[in-house]
Amino acid sequence: MKSYVYVSLEDVLKQIVAQAKKDVNWIRPRLTGIYSIEQLFYRLKDATTYRDDPPNTELIQSPRSLFEKNFYNQPGTGDCDCFTCLSICCFAALGIEHSRVNLVLTGDTASTPLHIYTEVDGYSFDLTNESFNFQRPYGYHQLINLQKLWKQE
(Lines give C-alpha, C1' and ligand atoms only; values in the text may rest on other atoms or scores of the structure.)
Protein backbone atom coordinates (compact mmCIF):
# COMPACT_ATOMS: atom_id res chain seq x y z
CA MET A 1 0.00 0.00 0.00
CA LYS A 2 1.32 3.42 -0.85
CA SER A 3 -0.03 6.73 0.36
CA TYR A 4 1.73 9.87 -0.74
CA VAL A 5 1.40 13.57 -1.37
CA TYR A 6 -0.15 14.34 -4.74
CA VAL A 7 2.47 15.60 -7.21
CA SER A 8 0.79 15.43 -10.60
CA LEU A 9 -1.51 13.29 -12.69
CA GLU A 10 1.48 11.88 -14.56
CA ASP A 11 3.05 10.85 -11.26
CA VAL A 12 -0.17 9.12 -10.13
CA LEU A 13 -0.22 7.13 -13.39
CA LYS A 14 3.41 6.07 -12.88
CA GLN A 15 2.67 5.05 -9.28
CA ILE A 16 -0.35 2.97 -10.36
CA VAL A 17 1.73 1.09 -12.92
CA ALA A 18 4.65 0.62 -10.49
CA GLN A 19 2.32 -0.86 -7.86
CA ALA A 20 0.73 -3.15 -10.49
CA LYS A 21 4.09 -4.43 -11.73
CA LYS A 22 5.33 -5.58 -8.37
CA ASP A 23 2.48 -8.06 -7.79
CA VAL A 24 2.21 -9.81 -11.17
CA ASN A 25 3.80 -13.02 -9.87
CA TRP A 26 1.65 -12.90 -6.73
CA ILE A 27 -1.64 -12.56 -8.65
CA ARG A 28 -0.91 -15.09 -11.42
CA PRO A 29 -1.84 -18.28 -9.46
CA ARG A 30 -5.04 -16.59 -8.28
CA LEU A 31 -6.34 -16.26 -11.84
CA THR A 32 -6.85 -19.91 -12.70
CA GLY A 33 -9.89 -20.65 -14.84
CA ILE A 34 -9.96 -17.19 -16.44
CA TYR A 35 -10.30 -17.48 -20.23
CA SER A 36 -11.71 -14.09 -21.22
CA ILE A 37 -11.58 -10.44 -20.24
CA GLU A 38 -15.27 -10.61 -19.30
CA GLN A 39 -14.67 -13.56 -16.95
CA LEU A 40 -11.85 -11.63 -15.32
CA PHE A 41 -14.11 -8.60 -14.88
CA TYR A 42 -16.77 -10.55 -13.02
CA ARG A 43 -14.24 -12.45 -10.87
CA LEU A 44 -12.67 -9.16 -9.79
CA LYS A 45 -16.03 -7.42 -9.45
CA ASP A 46 -17.14 -10.10 -6.97
CA ALA A 47 -13.93 -9.63 -4.96
CA THR A 48 -13.88 -5.81 -4.76
CA THR A 49 -15.84 -3.06 -3.02
CA TYR A 50 -15.62 0.62 -3.95
CA ARG A 51 -14.75 3.18 -1.29
CA ASP A 52 -13.41 6.71 -1.69
CA ASP A 53 -9.90 7.56 -0.54
CA PRO A 54 -9.59 9.19 2.88
CA PRO A 55 -9.82 13.00 2.75
CA ASN A 56 -6.73 14.74 1.35
CA THR A 57 -5.06 11.39 0.58
CA GLU A 58 -4.20 9.70 -2.69
CA LEU A 59 -4.13 6.04 -1.69
CA ILE A 60 -2.78 3.55 -4.23
CA GLN A 61 -3.00 -0.01 -2.96
CA SER A 62 -1.08 -2.67 -4.83
CA PRO A 63 -3.13 -5.79 -5.65
CA ARG A 64 -1.57 -7.71 -2.77
CA SER A 65 -2.18 -4.86 -0.34
CA LEU A 66 -5.73 -4.50 -1.61
CA PHE A 67 -6.48 -8.07 -0.52
CA GLU A 68 -4.02 -8.82 2.30
CA LYS A 69 -3.12 -5.55 4.05
CA ASN A 70 -6.07 -3.41 3.13
CA PHE A 71 -6.11 0.16 4.40
CA TYR A 72 -9.76 -0.23 5.41
CA ASN A 73 -9.27 -3.69 6.96
CA GLN A 74 -11.79 -4.98 4.40
CA PRO A 75 -10.09 -7.11 1.71
CA GLY A 76 -10.78 -5.86 -1.81
CA THR A 77 -11.90 -2.39 -0.71
CA GLY A 78 -10.46 0.55 -2.63
CA ASP A 79 -11.16 3.23 -5.20
CA CYS A 80 -10.73 3.55 -8.96
CA ASP A 81 -6.93 3.99 -8.66
CA CYS A 82 -6.65 0.73 -6.72
CA PHE A 83 -8.95 -1.08 -9.15
CA THR A 84 -7.00 0.23 -12.14
CA CYS A 85 -3.79 -1.03 -10.53
CA LEU A 86 -5.43 -4.42 -9.93
CA SER A 87 -6.68 -4.63 -13.52
CA ILE A 88 -3.28 -3.79 -14.99
CA CYS A 89 -1.62 -6.40 -12.79
CA CYS A 90 -4.12 -9.08 -13.85
CA PHE A 91 -3.76 -8.24 -17.55
CA ALA A 92 0.01 -8.61 -17.25
CA ALA A 93 -0.33 -11.89 -15.33
CA LEU A 94 -2.62 -13.27 -18.03
CA GLY A 95 -0.12 -12.30 -20.75
CA ILE A 96 -2.25 -9.59 -22.36
CA GLU A 97 0.05 -7.37 -24.39
CA HIS A 98 0.45 -3.89 -22.92
CA SER A 99 -0.22 -2.35 -26.32
CA ARG A 100 -3.81 -3.71 -26.10
CA VAL A 101 -4.49 -1.93 -22.79
CA ASN A 102 -5.40 1.71 -22.29
CA LEU A 103 -5.87 3.69 -19.13
CA VAL A 104 -8.96 5.85 -19.47
CA LEU A 105 -9.20 9.21 -17.74
CA THR A 106 -12.70 10.63 -17.62
CA GLY A 107 -14.43 13.66 -16.20
CA ASP A 108 -16.37 16.71 -17.18
CA THR A 109 -13.43 18.45 -18.87
CA ALA A 110 -9.77 17.77 -19.67
CA SER A 111 -8.68 19.97 -16.77
CA THR A 112 -10.74 18.02 -14.23
CA PRO A 113 -10.40 14.25 -14.70
CA LEU A 114 -12.51 12.58 -12.02
CA HIS A 115 -12.16 8.89 -12.70
CA ILE A 116 -9.73 6.31 -14.08
CA TYR A 117 -10.22 2.79 -15.37
CA THR A 118 -8.83 0.49 -18.05
CA GLU A 119 -9.94 -0.83 -21.39
CA VAL A 120 -8.69 -3.80 -23.36
CA ASP A 121 -9.20 -4.04 -27.12
CA GLY A 122 -11.78 -1.26 -26.82
CA TYR A 123 -13.81 -2.99 -24.07
CA SER A 124 -14.33 -0.88 -20.96
CA PHE A 125 -13.03 -2.57 -17.82
CA ASP A 126 -14.27 -0.39 -14.97
CA LEU A 127 -14.70 -2.27 -11.70
CA THR A 128 -16.73 0.63 -10.27
CA ASN A 129 -19.50 -0.30 -12.72
CA GLU A 130 -21.91 -3.19 -12.28
CA SER A 131 -21.41 -4.65 -15.75
CA PHE A 132 -18.62 -5.38 -18.20
CA ASN A 133 -18.01 -2.91 -21.03
CA PHE A 134 -20.22 -0.20 -19.57
CA GLN A 135 -19.00 3.37 -19.97
CA ARG A 136 -20.40 6.31 -18.01
CA PRO A 137 -21.34 9.34 -20.15
CA TYR A 138 -18.62 11.73 -19.01
CA GLY A 139 -17.92 14.63 -21.35
CA TYR A 140 -14.18 14.00 -21.40
CA HIS A 141 -12.32 10.75 -22.17
CA GLN A 142 -8.57 10.43 -22.62
CA LEU A 143 -6.88 7.17 -23.57
CA ILE A 144 -3.32 6.54 -22.42
CA ASN A 145 -1.71 3.40 -23.76
CA LEU A 146 -0.20 1.21 -21.06
CA GLN A 147 2.82 0.16 -23.13
CA LYS A 148 4.60 3.49 -22.76
CA LEU A 149 3.90 3.75 -19.02
CA TRP A 150 5.01 0.16 -18.43
CA LYS A 151 8.37 0.84 -20.09
CA GLN A 152 8.94 4.01 -18.01
CA GLU A 153 9.01 2.08 -14.77
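Cys90 is buried, with a relative accessible area of 0%. Its sulfur sits 5.6 Å from the closest cysteine sulfur, the one in Cys89, and that is too far for a bond. Keep in mind that this is a predicted model, so every value here is computed from it.

Cys85 tells a similar story. This residue is also buried, at 0% relative accessibility. The cysteine sulfur closest to that of Cys85 is again in Cys89, but at 6.8 Å the gap is too far for a bond. How many disulfides does the structure hold? Zero. A disulfide would need two cysteine sulfur atoms within 2.5 Å, and the 5.6 Å between the sulfurs of Cys90 and Cys89 does not meet that.

**The sheet and the helix across it**

Next, the strands. Four of them make an open sheet, in the order S7-S6-S5-S8, with antiparallel pairing. S7 and S8 take the edges; each has a single partner strand, so one side of each has no neighbour in the sheet. Ignoring direction, neighbouring strands are turned by 35° against each other on average.

Zooming in on one edge, S6 and S7 pair in the antiparallel sense over three bridges. Thr118 stands opposite Phe125 of S7. Helix H5 lies across S5, S6 and S7, and runs at about 15° to S6.

**Aromatic rings**

Phe125 comes up again among the rings. The structure holds seven aromatic pairs. One of them joins Phe41 and Phe125 edge-to-face, with 5.4 Å from centre to centre and 90° between the planes. This pair links distant parts of the chain: Phe41 belongs to helix H3 (residues 37-47) and Phe125 to strand S7, 84 residues apart.

Are these two rings' residues buried or exposed? Phe41 is buried, with a relative accessible area of 0%, and Phe125 counts as buried too, at 1%. Both belong to a cluster that ring pairs build from Phe41, Tyr42, Phe91, Tyr123, Phe125 and Phe132.

**Salt bridges**

On to the charged side chains. The count comes to four salt bridges. Here are some of them, with the distance from N to O:

| Acidic residue | Basic residue | N to O distance |
|---|---|---|
| Glu68 | Arg64 | 2.9 Å |
| Asp121 | Arg100 | 2.6 Å |
| Asp126 | Arg136 | 3.6 Å |

Take Glu68 and Arg64 to begin with. They are four residues apart in helix H4 (residues 63-68), so about one helical turn separates them. Glu68 is partly exposed, at 42% relative accessibility, and Arg64 is partly exposed as well, with a relative accessible area of 39%.

Where do the partners Asp121 and Arg100 sit? Their salt bridge has its closest N and O atoms 2.6 Å apart. The pair links distant parts of the chain: Asp121 is in the loop between strand S6 (113-120) and strand S7 (123-125), while Arg100 is in the loop between helix H5 (80-93) and strand S5 (101-107), 21 residues apart. Asp121 counts as partly exposed, at 44% relative accessibility. Arg100 is partly exposed too, at 32%.

Then there is the salt bridge between the side chains of Arg136 and Asp126, 3.6 Å from N to O. Both residues lie in the loop between S7 and strand S8 (140-145), ten residues apart. Which of the two is buried, and which is partly exposed? Asp126 counts as buried, at 4% relative accessibility, whereas Arg136 is partly exposed, with a relative accessible area of 27%. The cut-off behind that split is 20% relative accessible area, under which a residue counts as buried.

**An acid out in the open**

Finally, Asp46. This residue lies in helix H3, the helix that also holds Phe41. Asp46 is exposed, with a relative accessible area of 72%, whereas Phe41 is buried at 0%. How far apart are Asp46 and Arg100, in sequence and in space? They are 54 residues apart in sequence and 24 Å apart in space, C-alpha to C-alpha. The salt-bridge partner given above for Arg100 is Asp121.

Definitions and conventions: Residues numbered from 1 in each chain as written. Predicted model: local features only at pLDDT ≥ 70, side-chain atom pairs only at ≥ 80, totals over all residues. Heavy atoms only, no water. Helix = DSSP H or I, 4+ residues; strand = E, 2+ residues; numbered from the N terminus. Buried < 20%, exposed > 50% of the residue type's maximum accessible area, 1.4 Å probe, protein only. Pairing = 2+ DSSP bridges. Axes fitted to C-alpha atoms, helices over the stretch in contact; angles between N-to-C directions. Contact = heavy atoms within 4.5 Å. Phe/Tyr/Trp six-rings, centres within 6.5 Å; stacked < 30°, edge-to-face > 60°.
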